[in-house]
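Me: I am new to this structure. Please take a close look at one part of it for me, the second largest pocket.

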Amino acid sequence: MKTYQIATIPGDGIGKEVIPAGRQVLEALAKADGSFAFEFENFGWGGDWYREHGEMMPADGLDALRGKDAILFGFAGDPDIPDHITLWGLRLKICQGFDQYANVRPTRILPGIDAPLKRCGPEDLNWVIVRENSEGEYSGVGGRVHQGHPLEAATDLSMMTRAGVERVMRFAFKLAQSRPRKLLTVVTKSNAQRHAMVMWDEIALQVSKEFPDVTWGKELVDAATARMVNKPATLDTIVATNLHADILSDLAAALAGSLGIAPTGNIDPERRYPSMFEPIHGSAFDIMGKGLANPVGTFWSVVMMLEHLGEQAAAERVMRAIEKVTANPALHTGDLGGRATTAQVTQAVCELIAAPAQRRAA
Ligand code: IPM
Ligand code: MG
């Protein structure tokens, strides 16, 4: 029997609540399925670790993760520690250290979810955003000099490489090709940014030649926001730079009804390193410790993890359980206008996974 080695890193805020819930779902799944198992190792890195050790994770932390099949991650951020320290000291350290260059963010309106767009049914909004996850605006190139003096200067350089753009374009075209509509929108800003974004466009065109069956087009990032609101059904797979996709994916999640639902995978498509799966909602310090967090973003991330591991049937089983739960307003958490607790939603998903009716017809 295959045993998957999973690292869990709850991190901060409600990460400490939703990641154990994700583990519970995986345990229920392994029990119900019987054809694979999970071995978990938990890492208590994050803000508390920083207060104790002066760093977000140990210097050799990546070595502890290297042999894992996947990582389930909560959130890195702390009200008392500057955001750039928590981010670069943990999440980006893992994303960049393991060259997880494709960040994949699916968005759909799940059953029972009240999404804000009028005239937009669930069938009109079914997107996957591919976020370049290793360079661009988040490359970390830049500096700050003459601090505190009138001469003070600071730069954040958006660095793009041909290799970096080519590989994420190829990934996005391949993903678009695997989806029924075979439709890719390349988000750009080459009207204003005349170097890197122009290269981005050129490489998109080059890579598109390898995928003659994919229909593709370019859209400026500002126009893309309007199109997401006004003509959601004209989009399917979307590829964008690190920062553009960061912003567009929050918009996408909100348009689908809640940030509490949205999942993401930080993927190393070449599988040299473990990939990392996480909800995108953040730490939500206002509700932490109260058992009110929506665990669905984590459960959907678990679905993405199972797909990455090649457990397609198991992934579908969890997704069906999630959809049954979102369809029931009594199981909606506060972000969805309901009163359910993290524990109630988790228990409901686990029960559905265990129920024989959930089993796939052979
Ligand atoms: C995300 C988040 C992060 C990002 C934050 C927490 C730094 O917004 O994953 O979308 O910008 O990458
Ligand atoms: Mg974001």
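Which element gives the most to the lining of the second largest pocket?

Reply: α4 gives the most, with 6 residues. Some ground rules come next. This is a predicted model, where local features need pLDDT of at least 70, side-chain atom pairs count only at pLDDT 80 or more, and totals for chains, interfaces and linings use all residues. Residues are numbered from 1 along each chain as its sequence is written, chains are lettered from A and ligands numbered from 1 in the order written, and side-chain values use heavy atoms, without hydrogens and water.

A pocket is an open set of points on a 1 Å grid over the protein atoms alone, where a 1.4 Å probe fits, with protein on both sides within 12 Å along at least five of seven lines; lining residues have an atom within 4 Å of a point.

The second largest pocket has a volume of about 670 Å³ (the space filled by probe spheres set on the points, which are joined across faces, edges and corners). Its lining holds 27 residues. Nearest its centre lie Leu87, Arg91, Arg131, Tyr138 and Asp246. Two or more lining residues come from each of β3 (70-75), α4 (83-97), β6 (136-145), α8 (242-255) and β12 (275-279). Helices (H or I, at least four residues) and strands (E, at least two) are DSSP runs, numbered from the N terminus.

By class, this lining has 10 nonpolar, 8 polar and 9 charged residues. Ala, Val, Leu, Ile, Met, Phe, Trp, Tyr, Cys and Pro count as nonpolar; Asp, Glu, Lys and Arg as charged; the others, Gly among them, as polar.

Where does the second largest pocket lie? Domain 1 (1-101 + 262-362) and domain 2 (116-255) both give residues to its lining, so this pocket lies between them. The domain bounds come from an automatic or database domain assignment.
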